[in-house]
Amino acid sequence: MNTMYYVHPDAKIGNNVKIGNFTNIYDNVEIGDNCEIAGNVTIFPGARIGSGVKIFPGAVISAIPQDLKFKGEETFAYVGDGTTLRECVTVNRGTASKGKTVVGKNCLIMAYNHIAHDCVIGNRVIMSNACQLAGEVVVDDFAVIGGGSLVHQFCHLGRNIMLQGGALVNKDIPPYVKAAREPISYVGLNTIGLHRNGFSPEDIQKIAEIYRVLYLSDLNVTNAIKLIQETLPESPYRDEIVDFVANSNRGVIRSAI
């Protein structure tokens, strides 16, 4: 069977890369070894794709950002090793703001997801079908985003969170929690996810104590953080959660409990 795809002569393609029919790969593209790129995929200049990546039909990687401030500057879109991009996923490249959009390693980005300019997606993130991330969203490692979710620009989703399907996110979501309802709110710990990712019962209990003060003490955020620092023992989890809340630009979600 004749192959019918286009690879620009200046593109750098690794070893054992499979490319399907009617795929277009432009110049200034680098693709690692052992990738599987299906038919009808478009990979524009600035794409940097790791090894063992699987890209399904209809995906578009490193298209110019949907941002009127973009002036044609050289920017990039990175996809980490072992990540899967399912049908019709779009990953736009960065702008002058950060210069790159990043999808980490071993992520599962399901069909019809959009990852806008300058987003940074951590490792082992799962995005269910038809999620839409606006520009400069940050998603930390092991986050799970339910299908059909819409995330406002500049939001930060902490690691090991579980976000309900169809969520409208306009606030930051601190690590280790479940977020649901409308408006999006804290509804408890992502206990199942933490167990699956090797957190001990003792560690989960430490995290739960922190969120009891933050969300269930009837204190405002400033006073809750002060009480956490004064009364709970130091731990990596305490410091991580306190730093996340203190550095939140959009403010963290509130409690629905």
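Colleague: How many strands form the open sheet, and in what order?
Modeller: This is a predicted model, in which local features need pLDDT of at least 70 and side-chain atom pairs count only at pLDDT 80 or more, while totals for chains, interfaces and linings use all residues. Residues are numbered from 1 along each chain as its sequence is written, and side-chain values use heavy atoms, with hydrogens and water left out. Strands (E, at least two residues) and helices (H or I, at least four) are DSSP runs numbered from the N terminus, and two strands pair if DSSP finds at least two bridges between them. The pairing in the open sheet is mixed, and eleven strands form it in the order S3-S6-S9-S12-S15-S18-S21-S24-S26-S27-S28.

Colleague: Which strands stand at the edges of the sheet?
Modeller: An edge strand here has a single partner strand, so one side of it is left without a neighbour in the sheet. The two strands placed in this way are S3 (18-19) and S28 (254-255).

Colleague: What angle does the direction of helix H2 make with that of strand S27?
Modeller: Helix H2 (residues 201-216) packs on the sheet and touches S26 (177-180), S27 (185-189) and S28, where contact means heavy atoms within 4.5 Å. Axes are lines fitted to C-alpha atoms, for helices over the stretch in contact, and angles run from 0 to 180 degrees between N-to-C directions. By that reckoning, the direction of H2 and that of S27 make an angle of about 150°.

Colleague: Which element gives the most to the largest nonpolar core?
Modeller: A nonpolar core is a set of buried Ala, Val, Leu, Ile, Met, Phe, Trp, Tyr and Cys residues joined through side-chain atoms within 4.5 Å, and buried means under 20% relative accessible area, with exposed over 50% and partly exposed in between (1.4 Å probe, protein chains only). The largest core has 71 residues, of which Ile43, Ile55, Leu157 and Leu163 touch the most other members. Elements that each supply at least two residues include S26, S27, helix H3 (221-231) and helix H4 (236-246). With eight residues, the element that gives the most is H2.

Colleague: Which residues of strand S14 point to one face and are buried?
Modeller: In a regular strand the side chains alternate between the two faces of the sheet. Along S14 (residues 100-103), Lys100 and Val102 point to the other face and are not buried, and Val102 stands opposite Val120 in S17. The residues that point to one face and are buried are Thr101 and Val103.

Colleague: How many residues of S27 are buried?
Modeller: Strand S27 pairs with S26 in the antiparallel sense over four bridges, while two bridges join S27 to S28, which run parallel. It is largely enclosed by the rest of the structure, because its buried residues number four of the five.

Colleague: Which residue forms a salt bridge with Arg48?
Modeller: A salt bridge is a side-chain nitrogen of Lys or Arg within 4 Å of a carboxyl oxygen of Asp or Glu, and a search of the whole structure finds seven. In the one that involves Arg48, the closest N and O atoms are 3.7 Å apart, and the partner is Glu30. Arg48 lies in strand S8 and its partner in strand S5 (residues 30-31), so the pair ties together parts that are 18 residues apart in sequence. Arg48 counts as buried at 14% relative accessibility, whereas partly exposed, at 33%, is the partner, Glu30.
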